[in-house]
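Let's take a walk through this chain together, starting with the overall picture and ending at a single residue. Have the viewer open as you read.

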Amino acid sequence: MHKMYVCKQGLGGKPRPPPGLRRLIALAAAARLALSPAMVDAAPPPPPQARPAQARPPQVRPAPRAVAAWLYLCAAMVFAMVLIGGVTRLTESGLSIVEWQPLVGAIPPLGEADWQALFQKYQASPQFQQVNRGMDLAEFKTIFWWEYVHRLWGRLIGAVFLLPFLWFLLRRQVRGPLAWKLAGIFALGGLQGAMGWYMVASGLVDRPDVSQYRLAAHLGLALLIYALLLWQAMHLSRASSGAIVESRLRRAATALLVLITMTILAGAFVAGLDAGLIYNTFPLMEGRIVPPDYGAMQPWWRDWFDNRATVQFHHRVLAIATLGAVLAYVPWLLRKGAGSKEVVLRQAQDEERKKALILSLSKDVSARRAAIALLHLAVLQVALGIATLLLVVPVPLAALHQAGAMALLTAALWLRFTLR
Ligand code: HEM
């Protein structure tokens with residue numbers, strides 16, 4: 001007999017409810033599907049007959065689609081921001097603007113005198129003094145523009161988030177818990193700007209390198225903001241109402257998400273310490289699986305976060321573990337039938353059950369697509385990482401590797417969202 005893929009609690013493990021009750025459950029599921037998430041989030045308005053006609057608030061209908069589209073746009077802008085940030089770092093442009101002026105800093109240098117003033121400030125920085133002594137104004141302009149675009153894009157995200165947010169609030173299209181959640185995301189965005197400056201500031205004194213801890217925190221916060229935006233957007237657009245799977249499968253998808261995030265953060269340490277410039281071989285590191293200077297620093301936590309060999313080794317281990325986990329998980333999920341119309345229908349032994357299962361079919365398709373996307377992206381990402389290492393971190397490839405990390409995270413979030 002084929003195994004059911006639907007949750008055991010619901011239809012498999014325990015005795016089945018009588019047919020009448022099952023019909024009720026199916027109806028309740030259908031009704032739940034018909035509810036828009038905005039209705040679930042926002043407090044429902046009182047019934048019209050309970051209010052006197054003249055006291056009615058202005059008729060503004062909830063606009064979950066517009067709100068979802070706006071949040072998708074913001075998430076896409078954060079995705080792009082991570083890539084711009086990556087190129088800024090890879091071209092060593094991040095320390096070219098030595099001041100933080102959230103408002104007036106939006107205006108670029110307008111004439112020769114402005115450029116000279118900026119260049120002079122840069123010439124006093126440790127990066128110029130110790131690394132770029134021979135740099136002329138033309139070269140300075142290149143690194144300036146990357147950092148400028150990075151900061152400008154951050155401001156633009158702030159505006160693209162805040163202005164529609166106020167508009168939706170004013171029209172009462174966003175309210176209740178959703179409004180608070182979005183306000184929280186906006187606050188995280190503000191914190192991210194400050195965090196970015198805190199990171200840059202670490203490279204403006206003594207050592208012309210930003211701290212790898214601050215780089216990892218800056219990237220980590222970007223991932224969090226991205227994940228929250230995307231999750232909310234998927235929720236509002238009902239990207240999937242959820243394929244019903246065993247809780248083990250759901251928990252495993254969450255664990256995958258954690259593993260991918262850890263691999264990305266380990267990547268930030270590799271990038272922050274320029275650890276991709278050593279041990280440019282794969283799979284061995286100087287002929288050994290574990291590099292010879294692993295554990296050379298004391299105590300262990302300094303070794304984990306300051307030793308370039310250890311940091312690169314951990315990133316490799318986490319990356320291979322991620323790939324292994326995805327390769328094991330996706331076939332498991334698909335074998336259990338999530339997303340397969342045939343399996344669901346074959347398993348449905350009576351009409352009643354068939355009807356209930358058909359209700360969840362549309363949702364399952366997205367689970368299957370997300371799982372397959374995750375599988376491909378994991379393979380691609382590991383290949384990109386190895387190529388980046390072997391070719392000693394060329395800028396375009398390293399930028400692509402960073403984009404791959406974001407794409408992989410997106411697929412894992414999407415997959416987790418599709419399971420319930
Ligand atoms: C699931 C797989 C992987 C993920 C999610 C991942 C993620 C990342 C991320 C996000 C960064 C850049 C962080 C930043 O710029 O702040 C990075 C850097 C790096 N990764 Fe990976 N990586 C993976 C696999 C690998 C593999 C298998 C290798 C090689 C064996 C590798 C080698 C590198 C190197 C050399 C860098 C530094 C590049 C630079 O300086 O920009 N990665 N990784």
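The paragraphs below go from the whole chain to its core, then to one helix and one side chain.

Keep in mind that this is a predicted model. Its mean pLDDT is 81, with 75% of the residues at 70 or more. Residues 1-55 call for some care: the pLDDT there is below 50, although in the model this stretch has 58 contacts beyond near neighbours in sequence.

Colour the chain by secondary structure and you will find 15 helices and zero strands. Of the 420 residues, 34% are buried. Now look at the contacts between residues at least 6 apart in sequence: 81% of them join residues at least 24 apart.

Where do the nonpolar residues gather? In soluble globular proteins, nonpolar side chains tend to be buried together. Here the largest nonpolar core has 67 residues, and the members touching the most others are L71, V78, L229, L374, L409, A412 and L415. Helices supplying at least two residues each include α3 (64-90), α6 (137-170), α8 (212-237), α14 (361-390) and α15 (395-418). The top contributor is α8, which gives twelve residues. Both domain 1 (61-238) and domain 2 (241-420) take part in this core, each with at least three residues.

To see one spot in that core, select V78. Setting aside neighbours within four places in sequence, V78 contacts I157, A222, I225, Y226 and L229. A separate core of five residues lies apart from the largest one, and I97, L118, I143 and W146 are among its members.

Next, follow α6 from end to end. This helix has 34 residues and spans 48 Å from first C-alpha to last, close to the 50 Å expected at 1.5 Å a residue. Its buried residues include aromatic ones such as F144, W146, F161, F165 and F168, but also the charged E147 and R151. The buried residues of α6 pack against α3, α4 (112-123) and α7. After the helix comes R172, which has a positive phi, near 55°.

Finally, zoom in on L415, in helix α15. Why does L415 count as buried? Because 28 C-beta neighbours lie inside 10 Å of L415, and 20 are enough to be called buried. Beyond four places in sequence, the contacts of L415 are A253, A367, A370, A371 and L374. Take A371 as an example: this residue is 44 residues away along the chain, yet the two C-alpha atoms are separated by 6.1 Å.

Technical notes:
Residues are numbered from 1 along each chain as its sequence is written. This is a predicted model: local features need pLDDT of at least 70, side-chain atom pairs count only at pLDDT 80 or more; totals for chains, interfaces and linings use all residues. A nonpolar core is a set of buried Ala, Val, Leu, Ile, Met, Phe, Trp, Tyr and Cys residues joined through C-beta atoms within 7 Å. A residue is buried if 20 or more other C-beta atoms lie within 10 Å of its own, exposed if 12 or fewer, and partly exposed in between; C-beta atoms are placed from the backbone. Helices (H or I, at least four residues) and strands (E, at least two) are DSSP runs, numbered from the N terminus. Domain bounds come from an automatic or database domain assignment. Two residues are in contact if their C-beta atoms, placed from the backbone, lie within 7 Å. pLDDT is the predictor's confidence in each residue, from 0 to 100. The expected span of a helix is 1.5 Å times one less than its number of residues.
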